[in-house]
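Visitor: Hi! Could you walk me through this protein, starting with a word I keep tripping over?
Guide: Happy to, let's open it up.
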Amino acid sequence: MVERYAREEMKQLWDMNAKYSAWLEVEKALVKGWNRLGLIPDSDCEKICKNARFDIARIDEIEAVTKHDLIAFTTSVAESLGEESRWVHYGITSSDCIDTAVALQMRDSLKIIIEDVRLLTQAIKKRAYEHKDTLMVGRSHGIHGEPITFGLVCAIWYDELCRHIKALESTLEVVSVGQLSGAMGNLAHTPLELEELVCESLGLKAAKVSNQVIQRDRYARLMSDLALLASSCEKIAVAIRHLQRTEVYEAEEYFESGQKGSSAMPHKRNPVLSENITGLCRIIRSYALPAMENVALWHERDISHSSVERFILPDSFITTDFMLHRLKGLVEKLVVYPKNMMKNLNLTGGLVFSQRILLELPKKGISREDSYKIVQRNAMRVWEDLQEGKPAVNEKGESLYLQYLLSDTELVGLIGEAAIKECFEFSYYTKNVGAIFQRVFGE
């Protein structure tokens, strides 16, 4: 229910009513600004601010003739007023109104996205502490490496998303900029004070300099930040998809009562949410490139950017909002299987402890090259035995790798059996988890 309402809130910021409402807000702020500077009489200002309205159907009707949406809008607004309508849009050009209004939409939308990411980080933080000490195997190249905890995996996600929050907050300032600088940006028809006054009243900053449009590097930065955010979210989704693979099965998406996974195979429980998130993130990233293409407009402005932004602005915000809420729900309900994590950790018969052995030998004066040979030759025997189906652990609870190391007379002679066995303690790999959490979460 929360997810549905949150997405509806974002969609309402980008429908046609919101678009024209933002335009009208800018036009009214302009009238108030001119009034404060003494051009527009109080009575006319009051009438405009009280009575000015638009009619979407009427705008569409007028635009069918004028082929100009802003003129259609101002004509519709003028029809709701009397003689005072002469002051509407006074001294400014279309992009002054449109770009300043879009800044309002981007600002409000980005605030929602930032809050979405904060809620996602809170969900991840909760799971991180829940599994702070839940052992699992770390993988590189998809191959078992060394013991880690699932809490550390979540901490990585949390820390990365926190960086995105900082970036988005910085970008919020970059896009919260308006202009009322006229047809060529030279402020010939409007005083500098008016631009600053109107932008301040709207909660924006006035662009230091503009031509006929707000410069599109600001928009490109926004789209790039959303694209990077999507990449990190896809990273989480891909990790969950891997963990849910039958051969791994260390975690899975919550499977609701009555849910079906396959029309043909009733046993299937597929990672459909994380796959959906992966697809949505691809779409969000795709908007970054056209936003960059929009930066290079002809001279003081052309209109090539307009059709692009009619798609990428609403779609990117609405899609990102939806994706973030879906990912938050996925993380909150993610089913984690610590027993399977431990099972997989022991799958390679103790090979995950190889570096620990390797690091003990140089302490005894052995070169790194010779140390590597001793440790690797035993590890290769384990790989071969596992392929032949030999148990990873014997009846004494000793891993296959430990058995070979204890039978290696050269190794035993160098560091002794006790030191070898000590290298197979999981606590060695988790001793700094608390300190890492302190650095990440500050608690």
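Visitor: What does "partly exposed" mean here?
Guide: A residue is called buried when its relative accessible area is under 20% and exposed when that area is over 50%, with partly exposed in between. Keep in mind that this is a predicted model.

Visitor: Okay, so is L187 buried, exposed or partly exposed?
Guide: L187 has 24% relative accessibility, so it counts as partly exposed.

Visitor: And where is L187 found?
Guide: L187 is in the loop between β3 (177-178) and α8 (192-201). Its backbone has a feature worth noticing too: the phi of L187 is near 55 degrees, a positive value in a residue other than glycine.

Visitor: Which other residue that is not a glycine has a positive phi?
Guide: Take a look at H141, with a positive phi of about 60 degrees. H141 lies in the loop between β1 (135-140) and β2 (143-149).

Visitor: Is H141 buried or exposed?
Guide: H141 is exposed, because its relative accessibility is 82%.

Visitor: How do β1 and β2 run, and how many bridges join them?
Guide: They run antiparallel, and five bridges join them. One pairing you can look up is M136, whose bridge partner in β2 is I148. The two strands form a hairpin with two residues between them, and that hairpin is where H141 takes its positive phi.

Visitor: What do side chains do along a regular strand?
Guide: In general, they alternate between the two faces of the sheet.

Visitor: Let's zoom out. How many helices and strands does the protein have?
Guide: There are 20 helices and six strands. The radius of gyration is 31 Å, well over the 22 Å that the globule rule gives for 443 residues, so the protein is more spread out than a compact globule.

Visitor: What does the C-alpha trace span along its principal axes?
Guide: The trace spans about 100 × 55 × 40 Å.

Visitor: And how many of the residues are buried, as a percentage?
Guide: Buried residues make up 48% of the 443. On the outside, the protein exposes about 22200 Å², and carbon and sulfur atoms supply 53% of that.

Visitor: What about charges, how many positive and negative side chains?
Guide: The protein has 55 positive and 63 negative side chains, and the centres of the two sets lie 5 Å apart.

Visitor: What share of the contacts links residues far along the chain?
Guide: Counting contacts with a separation of 6 or more, 76% are between residues 24 or more positions apart.

Visitor: Can we go to a helix now? How many residues of α5 are buried?
Guide: Seven of the ten residues in α5 (residues 69-78) are buried, so "mostly covered" is a fair description. The buried ones are D69, L70, A72, F73, T74, S76 and V77.

Visitor: What do those buried residues pack against?
Guide: They pack against four helices: α2 (16-36), α4 (56-66), α6 (94-130) and α12 (304-333).

Visitor: Where is D44, and is it buried or exposed?
Guide: D44 is found in helix α3 (residues 42-51). With 10% relative accessibility, D44 counts as buried.

Visitor: What does D44 touch?
Guide: Setting aside residues up to four places away in sequence, D44 touches E84, R86 and W87. D44 and W87 are 43 residues apart in sequence, while their C-alpha atoms are 8.3 Å apart in space.

Visitor: Changing topic: where is S232, and what is it in contact with?
Guide: S232 sits in helix α9 (residues 217-244). It is buried, with a relative accessible area of 7%. Apart from neighbours within four places in sequence, S232 is in contact with E160, L161 and H164.

Visitor: Last one: where is R301 found?
Guide: R301 is in the loop between α11 (288-293) and α12. R301 is partly exposed, with a relative accessible area of 28%. Leaving aside neighbours within four places in sequence, its contacts are S95, Q212 and V213.

Visitor: And how far apart are R301 and F73?
Guide: They are 228 residues apart in sequence and 21 Å apart in space, C-alpha to C-alpha.

Note on methods
Residues are numbered from 1 along each chain as its sequence is written. This is a predicted model: local features need pLDDT of at least 70, side-chain atom pairs count only at pLDDT 80 or more; totals for chains, interfaces and linings use all residues. Side-chain values use heavy atoms; hydrogens and water are left out. Buried means under 20% relative accessible area, exposed over 50%, partly exposed in between (1.4 Å probe, protein chains only). The radius of gyration is taken over C-alpha atoms; the globule rule is 2.2 Å times the number of residues to the power 0.38. Contact means heavy atoms within 4.5 Å. Accessible areas come from the Shrake-Rupley method with a 1.4 Å probe; for residues, only the protein chains shown count as cover. Lys and Arg count as positive and Asp and Glu as negative; His and the chain ends are not counted. The place of a charge is taken as NZ of Lys, CZ of Arg, CG of Asp or CD of Glu. Two strands pair if DSSP finds at least two bridges between them.
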